[in-house]
Amino acid sequence: MKLASLKHGRDGRLVVVSSDLAWCADATNIAPTLQAALDDWDRLAPALRNLAVDLEHEAIPRERFHEREAASPLPRAYQWADGSAYVNHVALVRQARGAELPDSFWHDPLMYQGGSDAFLAPRDPIPLKDESWGCDLEGEVVVVTGDVPMGASRDEALAAVRLVGLTNDVSLRNLIPGELAKGFGFFQSKPASAFSPVFVTPDALGDWWRDGKLHRKLMVDLNGRPFGRADAAEDMTFDFGTLIAHAARTRTLGAGTIIGSGTVSNRDADGGPGKPVAEGGVGYSCIAEIRMIETIRDGTPSTPFLKAGDRVRIWMEDDRHHPIFGAIEQTVVG
């Protein structure tokens, strides 16, 4: 089952979307918003699934699904917590500045709590008032949970996954060091994120979703050219069950909590840092990573951060090369 929110008020209008993303059906007679559906998932999900079946069989009124008319599936959320499941990415960050990677990073996930009161729509521009802030894209996988009890085990946490999708977790890289130096985490360096037009239930992903990981390539284009083709399951040190359980260690998580994987990052086939797509590698899911590799290799980065006019596209394909979640397509504006 694929769900989306068409732009309407603060929380959107819930629709069920066909598997090919061509059509949608109004679901507001079941739940007015996706958050309302998540709040009462056990009771409402069967009715939404029946609606999805009827849509596939053209047995109900339907309308064309246009991704430009979609908000992020949850236009705002009670909680957005982003992990760093790909330790390869963290290791490169620290190597570029000559810092050792603590052994604990391989056993204890990193996570920060992001702003969730207003997300960008998947086709909204990325606002950037000052290019010196170092604006970066970050392609990630996300899950949306139901209610998760405090102290949930990995298996209990994984069973709470209701939906899977993608995000562009925008970062202002040049503001991060100053904020982290204060010892109190991100705030100004993490502006609004955007999410894929559609979120998908794990069962609809079939074998692509297993062991708490999404086994597909994350596609990232920058200004119309391939930038990243990393496999979202490869080199994922912490699966989503582990990330959710980490977040729930000392608190309950309310239905509609979004948990991010962190920047998808793969090592090269020889075990070293990844190579650009143009050089036969799988590329990168953020600009910072190629800048780190340039710093390690050349002593200084040469790839610039985003500037006004730059275009970002993030998506994931099925076996027929059709988008699974739709596409995040954004242009940077000053």
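The buried residues of helix 2 are covered by a mixed set of elements that includes strand 1 (2–6), strand 2 (13–17) and strand 3 (23–26), along with helix 1 (34–39) and strand 11 (161–168). The model is a predicted one. Tucked under that cover are W41, L44, A45, L48, L51, A52 and L55, which are buried in helix 2. Looking down the axis of helix 2, these buried residues fall within an arc of 125 degrees, so they line one face of the helix. Turn to the face pointing away from the buried side, and the exposed residues D42 and R43 show up.

As for its dimensions, helix 2 runs over residues 41–56, which makes 16 residues. From first C-alpha to last, helix 2 reaches 21 Å, close to the 22 Å expected at 1.5 Å a residue. What comes after helix 2 is E58, and the phi of E58 is positive, near 55 degrees.

Elsewhere there is a sheet to look at. It is open and built from 5 strands, ordered 8-21-20-17-18, and the pairing is mixed. The edges are taken by strand 8 (126–127) and strand 18 (225–231); each has a single partner strand, so one side of each is left without a neighbour in the sheet. For strand 8, the pairing with strand 21 (residues 328–333) is in the parallel sense and involves 2 bridges. Within strand 21, V333 is the residue that stands opposite P127.

Definitions and conventions:
Residues numbered from 1 in each chain as written. Predicted model: local features only at pLDDT ≥ 70, side-chain atom pairs only at ≥ 80, totals over all residues. Heavy atoms only, no water. Helix = DSSP H or I, 4+ residues; strand = E, 2+ residues; numbered from the N terminus. Expected span 1.5 Å × (residues − 1). Buried < 20%, exposed > 50% of the residue type's maximum accessible area, 1.4 Å probe, protein only. Arc of directions from axis to C-beta. Contact = heavy atoms within 4.5 Å. Pairing = 2+ DSSP bridges.
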